[in-house]
Every structure is written in structure tokens, then in C-alpha cells.
Amino acid sequence: MERRSKRKRKPESDAAVSEDTTAFAVLLSALSSQNPDSHRRLLTKCLHKLRRSFHNPLLSLLPTLLTRTSASLASRAADMVGSAALESLDTNRTIASDADIIHALLSRSSVSACNALLDLCTTWIGRRRLIEFSALPTILFRFLRVRKYSTISVTVCSASGDSKDVNSVSVGFKMDELSVLILNAAIILINTCDIEQLEKIPGHLSQAFFAFMRNLWANVRNATSLASPLDSSTPGGDLYISNIRVGHVAESLFRLSICASRLVMPLPFRVVERGVFGFTESGFRDFMSNHWEVSPFLVRRLSAGAKIEEDDFFGPLSVNLVGAYPSFLSSILPGMVSCLPISSDELNILAFLEEAQNKLGCPLIYQQDIRVVKTKSKKEVHFFVDGLASCCMKDPHCLSAEDVSKCEEAYKEGYTVALRGMEFRFDSVAAIAEGLASVFGQPSAGANMYLTPPNSQGLACHYDDHCVFVCQLVGTKKWRVSSQSNVQLPRLYDPLDRLHGSEVQNSMDDCKQYLLREGDILYIPRGVLHEACTENVSLDGSASCSLHITLGIEVEPPFEWEGFVHVAFFSWYQNQKQVYNSFESSSGIIHDISANLFHVAIGLTGDSDPTFRKACFVASIFSGSHTHNWLDLNQRIVFCQLIDKISTQTRFLEVFRSIELAVQENKDSLQRIKWLGFLNLDKECSLNHDQNMPFMGMKNLLSLCIQHKDNVEAAFQQLKSRFCENVIFEDAIVSYKLLLDKYRNVRKQYMNGMVSLHHQL
């Protein structure tokens, strides 16, 4: 079959080329005169002639056209820049790489200049070049100056009335076009910056624009919750429909909050200690020694009938949350957005943003953010049945404005309204959660809120994979808590065992009962069955509603004792390789194989010994404190005991058989400790990098073990002996705290971002 020849672009005629050359020569001559504006008509004709002929000589004249001529000529030149930027990727790159053109555009406060910058922003390279040329501070300064005399009045508009995806609808402004265009450019560049570039924005500009964006986001959220988006094809009045989407505003505010200082200040640990464990010095020690991860513990903080005062530990919570029931739901729910889940091992906040950017700022998602549920005949019944069905689908159920209004109706029908992630919605809750996390030496602490009507039970009898502190804010609630756990201490993210009705009944027959009043705190360990309900238990004998918050201490795998031992061995082994850098190639492989096996051995010991599952407190704010030196001593004793168990109980053949079984079942015994790779990464954290990582795939590891079995067994025994004899507790703490700081940093960034998106609450 005959091949069709490619169509070639028709070359310009010699006459056309000659005309362009003449026009360029005239343009150059006019611009070289002392007063270019005196040749305005001639310059206009030349620019009109050259508007489709963009070449390098003309490129060199653009800065002069943009800075030394009248506003009309500069606008025409800016229009030419914008058109050329959209013509091709190469032309866009060429213009964006010319610092003189960029600075000339930035010097002009005009619609044409802004549009040219926005045209350059249509490519990734264009946005990056603008940031490199420090365009963002100039744009922010320009916007804050022109914005000073404008008020924020916004609405949301969708194409053809399609408002299914709230984040994709446009924001309409009652502002002048220039201000909106500058704002659009600022948002685009902020959403392109990395952390280092965001930190380089001058503080006064960053803070002023951050304050503006919080105000703008509050207006946008109000507009999206009050009414359906307008049809952008039929705008009314002086409304300017921008290219700014709701999701763009949310992402920009989130990014700015990452570097915001003093956004959420954790409560001082002494305040947390007194608020949770009472005013006696022995309160915390008694709790840690006798109750933590073992048995329930009740703290009566107020006398019967007393109310929480504003200066109390929970005072800020009461101020933010407490109101007339259930009307306060209608005041806080419409302003809430979904707190999208962030992976437990995600240590790069920008990676989270890249994945979540199209969903950031979306409405509450059922099951993920909110549940409306009651227990009937010992089974949970959900008010939003469709939301429950969609929780396993790709398209989650986002609560509409109508759904939000129905929550009050559900409350009146006996349903409990349960809200997750309260530490991401109120800075007062965030401060308590951060303070509590520092007390327990964990990266973060969670907070859920439960509003239960009179004579009702929300959740059915269950146990959690994390410890909780139930903080009663309003009303009273009756709790039934099993006296001890009937399961092995559950680990975070592991599937929870489903107990049959008879097992639950047997476990709860010998339960303890607690009546929580305002100000009381009840600690419930992970793995302990519990349930709660409201009854006729108020002081006057009438039915009582209840509002409480649970503060959850989620002990993630790296911060269990097993995680600490893994860190201790990993750091010790890496140090041995550096100090004794004399391994031959063959012996180095044998040692890496044995190191893999030793990590597996630690995991096997941890599966059988409950102490390995317990939370490690070496990074607690109290560890090393002279008033709590007992805690530091306790942690040293536990570490020594665990090392002794590894030394005496680990067997090479057991580890070898576990590798064989893992290969047969297509499992990776080392998958759960991939987070150790973060110890080797200084900046952008990603587990795709295996620098200095000795981890191997199970099949490869088994094959090498079989191939070098005798040598590997000898090396394993030698490695175990040397580590158990020579490991230094303080060295392990250094690496452990380094890892903890990385986790805390990204949790802090996420918290700042989400709290900013709820600033209006």
C-alpha cells in the first residue's frame, strides 16, 4: 500500500518575509529614538504586522516594548507574549526562560500583562521559571496593594449547572478583573511551589496573603453550602467568573499553612498531665504503672454538679462545641470539609497533596468523616443507608447540604452523630491532641466527637486497636467496660477479630460500670470491649443527652517496642558496615542475608511476646525528666529484657522455616518494616529509594539462604551475639527520635492545613 506523505507547512513567501524584516527594522528604529511614544501609530502598525511572526530578534525588543512605551503599546506587546506562549511548548519555554521579559511583564499592572503571565503558566516549565525568577513575591505584593480597597464577595459557578463535583466549580468575584487575574496567578504559583520555595516567600507577604486566603476560603465555603452553584453561562450583574476553582483555593490555603508559624500551639505537657491525670504528682506514674494498656482508669476531675469553666483543660472545647442541642450541629457541620486520609507511612506532604488535590476541601464523606448511627437489638443501624453502601465503592457518599440538615432530624430519632478528625477541625482540640502525643511519645493523637440523644446507644459493643481517653463535655453517659482484654493487644491497622454474640456477652458479664459526668475522663485500653448509652441518669432524674470527645493514642508500628528494637538493630548494623568497611563482596552478601533474617527474627519474637506490641516511651516529653526519672529507668529495663529474649529465644531454623512459609503463601515478612528506609533519607522521603537498604525479596532471600545455608547460619548466630552484647540504648534513641521527628513533621503539616480549612468554625 502506498504510504501517504506528511503534510508540510506551507513556507512563507519571500515577499512576506521581506515585509516582516522591514517591519522589524522600523520597529527597532522607532524604539531606539529618545521618545518612542512619539511613534505610537508606527509602532502599533509594526506590532500588528509582526503579531504572527515571533522570532528571536523580536524577543529581544519585548522588554523595551513592555517598559518604555505607553500603556496601549505595552498591552499590545503583552498580548503578543501571551499568544506566543500558547503557540507551542518550545516558544513557551523560550519566553519563560527570558528573565528580562518576565520582569518586564511583572512591572506592568495591567490586564494584558496578567493574562500573558497566566498564558505562561499553562505549562509546568513556565510555572517553574516564574518561580525561579521570584515572580511570586512581586505578584503577592501587587495583589495585596490593589486588593486593599476591595471587599470579598464571592459565589460559585458551574458549567451548564453541573454541580456534582463541588471542587471543580469556578469562583465568581465581585471584584475588578485585574485583581482577580493577579489572584489567579498567585494561586497557580503557590500550588506549584515546593516546601523550600514556600519558605522563601517574605514573611510579611506570606502572612498577609495567608490571612486573605483564609477569609476567601470561608466565603467560598459559605457560598457552596448555602445554595447550588450558579450557571456560569448566565452570570449576572458585576460578577466576574474566574478560572479559579474551589479546589484551587483549598490547595493554596493548605500549602500556605504548611509553613505558617504558631498556627497550632500544643498545650504545655504539665497542663496536659494535670488535666488528664489529676493534680497529684503520682497521678501519671500510677496510671502508667497500673493501667496503661492493661485496665480501665477513671479520673473524677470535678465535683458532682460542677460545670466546666472556660479556663479549665476542656474549657476551649466547651466554648467551641457546646450549644443548644441539637441546633449546634447546623452551625458547625456546614463549615466542615472532609479530612482526607493520609497514609501512615507518607512522610512527604507534597506527595499527599498531589494525590488529594482534586478532592481537597470536598464535603464530609460518610463513614470516613461522619457516622450517624444507633444500636438496636445489639446491632448498629445507620441513618444514611446509601452512605453505608457506598463506603466500599470508588465513589464515596459526600454529604449534601440536605444531608447535613437531616442530621438534626436523625438526632431527634435517637441516632448518635459521630465526627472523626476533630483535631483537624478545631485548633483547641489540636492543641490538646498535640500535647497528649508529646506526653506519650507518639507522632500524633486523634480526636472523635460523639453527640448522643437521651435514652440511646450509638455504637454497638466493640473494642478498638488504639487506647482512648473518653472526655465527657456535656451531660452524662453510662459506660460498660470489660475488666480486661480478651484478645491479644491489637495492633494498629491489623484486622480486628469479630467476636460472636456469646463471646461478647461472656466478656461483658463481669464488666465494670462507670457513670461519666461533665469533666470526667475514662481511659479504655486497646483490645478492651466497651459500650455506652444515655439513660435517665441526670441529677434531676430526667433523660440526659451526652457530648463527649475521645482522644485516641494510636501506636503506629515504628513506635511500638518491636519498632524500637528494629531501629536499634538497623542503626547498629549500618554503623558496623561503616566502621568495619572491610567486608569482602561475598562476606558482605552473607552479612546482609543474616541482617534480613535477624529482622524477621525480631518480628517472630514480637508476634509471640506481648511486650513487643506495647508503646515505646523513650521519646516521651517526660523521659529524662528529673521528676519522672522512673520512666527513663523503666524504658531501659524493658529494652534490656527484650534484648535478652531475642538473644535466648531466636533460632535460625525457626526463622528459616518462616521464610519458607512466607514464600509458599506469597507474603513478605519484611513488608511491615519498610519504614526503616526513612532513616536513610534526609529530604524528600520516599520508600522508592533503597539507599543502604539491605532488605531483600522473600524468594531471593530464601534462595540465597539455601545456597549459603551453613555460612548464613554461622553469620546469623555471630550477628545476634554481637548485637545483643554491644547495642547501646542511647545510640538507638538518637535514630528513633530522628524517625519520630520525620513522622511528627508531616503530621504537623497536615494538621496545619486541615485546621486552616476549618478556620471559620
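Which residue stands opposite Ile521 of β13 when you look across from Val299's side of the pairing, and where does Val299 itself stand? Val299 stands opposite Ile521 in β13. Keep that pair in mind while we look around this predicted model.

Let's start with the whole chain. The protein chain has 761 residues, and 54% of them are buried. Its folded pieces come to 29 helices and 15 strands. If you take the contacts between residues at least 6 apart in sequence, 84% join residues at least 24 apart.

Now back to Ile521. Strand β13 covers residues 521-524. Strands in a sheet pair through backbone hydrogen bonds, and they can do so in a parallel or an antiparallel way. Here β13 has a partner on each of two pairings: three bridges join it to β5, running antiparallel, and four bridges join it to β10, also antiparallel. On the β10 pairing, Cys471 is the residue that stands opposite Ile521. In a regular strand, side chains alternate between the two faces of the sheet. You can follow that in β13: Ile521 and Tyr523 point one way, while Leu522 and Ile524 point the other way. All four are buried.

Zoom out and β13 turns out to belong to an open sheet of eight strands, in the order β5-β13-β10-β15-β9-β8-β6-β7, with antiparallel pairing. At the edges sit β5 (297-299) and β7 (379-382), and each of these pairs on one side only. From one strand to the next, the twist averages 25 degrees. Helix α21 (residues 427-439) packs on this sheet, where it touches β9, β10 and β15. Its direction makes about 35 degrees with that of β15. Further along the sheet, β8 (residues 416-419) and β9 (residues 446-452) pair in the antiparallel sense over three bridges. If you want a spot to find by eye, look for Ala418, which stands opposite Tyr450 in β9.

Just before the edge strand β7 there is a residue worth a stop. Lys378 lies in the loop between β6 (370-376) and β7. Most residues other than glycine have a negative phi. Lys378, however, has a positive phi of about 65 degrees although it is not a glycine. Is this residue buried or exposed? Lys378 counts as exposed, at 68% relative accessibility.

There is a second open sheet to visit, made of three strands in the order β12-β11-β14, again with antiparallel pairing. Its edge strands are β12 (512-516) and β14 (530-533), each pairing on one side only. Neighbouring strands here are turned by 20 degrees against each other on average, direction ignored. Strand β11 (residues 477-481) pairs with β12 over five bridges, and one of the matched pairs is Lys478 with Leu515 in β12.

Earlier in the chain comes strand β2 (residues 170-173), which is covered on both faces. Ser170 and Gly172 are buried on one side, and Val171 and Phe173 are buried on the other. Three bridges join β2 to β4 (residues 240-245), and the two run antiparallel. Across that pairing, Phe173 stands opposite Tyr240 in β4.

Next, look at helix α10 (residues 177-190). It has 14 residues and reaches 20 Å from its first C-alpha to its last, close to the 20 Å expected at 1.5 Å a residue. How many of its residues are buried? The count is 12 of 14, so to speak a mostly covered helix. Among the buried ones are Ile182 and Ala185, and both of these help to line the largest cavity.

That cavity is our last stop. Rolling a probe the size of a water molecule over the atoms shows where empty space is left. The structure holds two cavities of 30 Å³ or more, and about 90 Å³ of space lies in the largest. Its lining also includes Leu105, Cys114 and Thr138. Four helices, α6 (99-107), α7 (111-120), α9 (135-147) and α10, each supply at least two lining residues. Leading into α9 is a loop from α8 (124-132), and Ser134 lies in it. Phi of Ser134 is near 60 degrees, a positive value in a residue other than glycine. Ser134 is partly exposed, with a relative accessible area of 43%.

Conventions. Residues are numbered from 1 along each chain as its sequence is written. This is a predicted model: local features need pLDDT of at least 70, side-chain atom pairs count only at pLDDT 80 or more; totals for chains, interfaces and linings use all residues. Side-chain values use heavy atoms; hydrogens and water are left out. The expected span of a helix is 1.5 Å times one less than its number of residues. Buried means under 20% relative accessible area, exposed over 50%, partly exposed in between (1.4 Å probe, protein chains only). Two strands pair if DSSP finds at least two bridges between them. Axes are lines fitted to C-alpha atoms, for helices over the stretch in contact, and angles run from 0 to 180 degrees between N-to-C directions. Contact means heavy atoms within 4.5 Å. On a 1 Å grid over the protein atoms alone, a cavity is a set of points where a 1.4 Å probe fits but cannot get out, and a pocket is an open set with protein on both sides within 12 Å along at least five of seven lines; lining residues have an atom within 4 Å of a point. Grid points are joined across faces, edges and corners, and a volume is the space filled by probe spheres set on the points.
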